[in-house]
Amino acid sequence: MVWTLEDYPPSMKNLSDIVRKKAIDIANAMVDEGYKEEDAIPIAISQAKEWEDSAEDEEIEHFRKYGKVTTRSPEGQKYESNPERMEEGEVVRPHEDGWAVESEGAQKPSNVFDTKKEAIQRAKEIAENKGTSVTVHKKDGTIQEKYSFKEE
């Protein structure tokens, strides 16, 4: 879900306008990075409050005028149209251009790397943020190893 100034979590309702705007911006960025929404919201609220307390008046005013809370990274936009991907583990498999990282069941990879090592590293980052798992395949398609980042 992409949060906006018109559509945001109820827990942001009582924040000042500028803190809410910053919290929405932070929460959207965290979801882009693979955080679960329920984890991103309280962290974003806390960070937005800290930002307001420590930011210069000019920085706050600049963000009030020019900050765009609905802008998301190209990588993060995949979560808007595929929220179910947040619950799926990551898969590292051979790809014609190197090694692909994709969510289980995805039709196309989210990233393609030259080396398997890079792909595994990125898959682990995503899975750790999402609290899911990584399945690494060999060139022949068989499973080489699995990593779990699920909270028990």
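Student: What makes Arg 93 and Glu 102 a salt bridge?

Tutor: This is a predicted model, so every value is computed from it. A side-chain nitrogen of Lys or Arg must be within 4 Å of a carboxyl oxygen of Asp or Glu. The side chains of Arg 93 and Glu 102 meet at 3.2 Å, N to O. That is within 4 Å, so the pair is called a salt bridge.

Student: Why is Glu 102 called buried?

Tutor: Buried means under 20% relative accessible area. Glu 102 has 10%, so it counts as buried.

Student: And why is Arg 93 called partly exposed?

Tutor: Arg 93 has a relative accessible area of 31%. Partly exposed is the range between under 20% and over 50%, so Arg 93 belongs there.

Student: How many salt bridges are there by this rule?

Tutor: The count comes to four. One of them joins Arg 20 and Asp 17, with the closest N and O atoms 3.2 Å apart.

Student: Why are Arg 20 and Asp 17 separated by about one helical turn?

Tutor: They are three residues apart in helix H1, which covers residues 17-32. That spacing is why they are about one turn apart.

Student: Are Arg 20 and Asp 17 buried or exposed?

Tutor: Arg 20 is buried, at 11%. Asp 17 is exposed: its relative accessible area is 56%, and exposed means over 50%.

Student: What makes Glu 61 and Arg 64 a salt bridge?

Tutor: Their closest N and O atoms are 3.3 Å apart. The limit is 4 Å, so the pair qualifies. Glu 61 and Arg 64 are three residues apart in helix H3, about one helical turn. Glu 61 is partly exposed at 34%. Arg 64 is also partly exposed, at 39%.

Student: Why are Trp 51 and Phe 63 called an edge-to-face pair?

Tutor: The structure holds one aromatic pair. Its members are Trp 51 and Phe 63, at 5.4 Å centre to centre. Rings pair if their centres lie within 6.5 Å, so these two pair. Their planes are 70° apart. Over 60 degrees counts as edge-to-face, so the name fits.

Student: Which parts does the pair tie together?

Tutor: Trp 51 lies in helix H2 (residues 37-54) and Phe 63 in helix H3 (residues 57-66), so the pair ties together parts that are twelve residues apart in sequence.

Student: How do you know that Trp 51 and Phe 63 are buried?

Tutor: Trp 51 has a relative accessible area of 11%. Phe 63 has 10%. Buried means under 20%, so both names hold.

Student: Where is Lys 22 relative to Trp 51?

Tutor: Lys 22 lies over the face of Trp 51, at 4.8 Å from the ring centre. The charged end of Lys 22 also sits over the ring of Phe 63, 4.6 Å from its centre. Each distance is within the 6 Å limit.

Student: What makes the link between Asn 111 and Ser 110 a polar contact?

Tutor: Their side chains make the contact at 3.3 Å. The cut-off is 3.5 Å, so the distance fits. Residues adjacent in sequence count only if both atoms are side-chain atoms, and here the contact is side chain to side chain. Asn 111 lies in strand S3, residues 111-113. Asn 111 is buried too, at 16%.

Student: How many helices and strands does the protein chain have?

Tutor: There are five helices and five strands. Along the sequence the pattern is α-α-α-α-β-β-β-α-β-β. Buried residues make up 43% of the 152 residues.

Methods: Residues are numbered from 1 along each chain as its sequence is written. This is a predicted model: local features need pLDDT of at least 70, side-chain atom pairs count only at pLDDT 80 or more; totals for chains, interfaces and linings use all residues. Side-chain values use heavy atoms; hydrogens and water are left out. Helices (H or I, at least four residues) and strands (E, at least two) are DSSP runs, numbered from the N terminus. Buried means under 20% relative accessible area, exposed over 50%, partly exposed in between (1.4 Å probe, protein chains only). A polar contact is a pair of N or O atoms within 3.5 Å; within protein, one must be able to donate a hydrogen and the other to accept it, and residues adjacent in sequence count only if both atoms are side-chain atoms. Rings of Phe, Tyr and Trp (its six-membered ring) pair if their centres lie within 6.5 Å; planes under 30 degrees apart count as stacked, over 60 as edge-to-face and the rest as tilted. A charge sits over a ring if NZ of Lys or CZ of Arg is within 6 Å of the ring centre and within 35 degrees of the ring normal.
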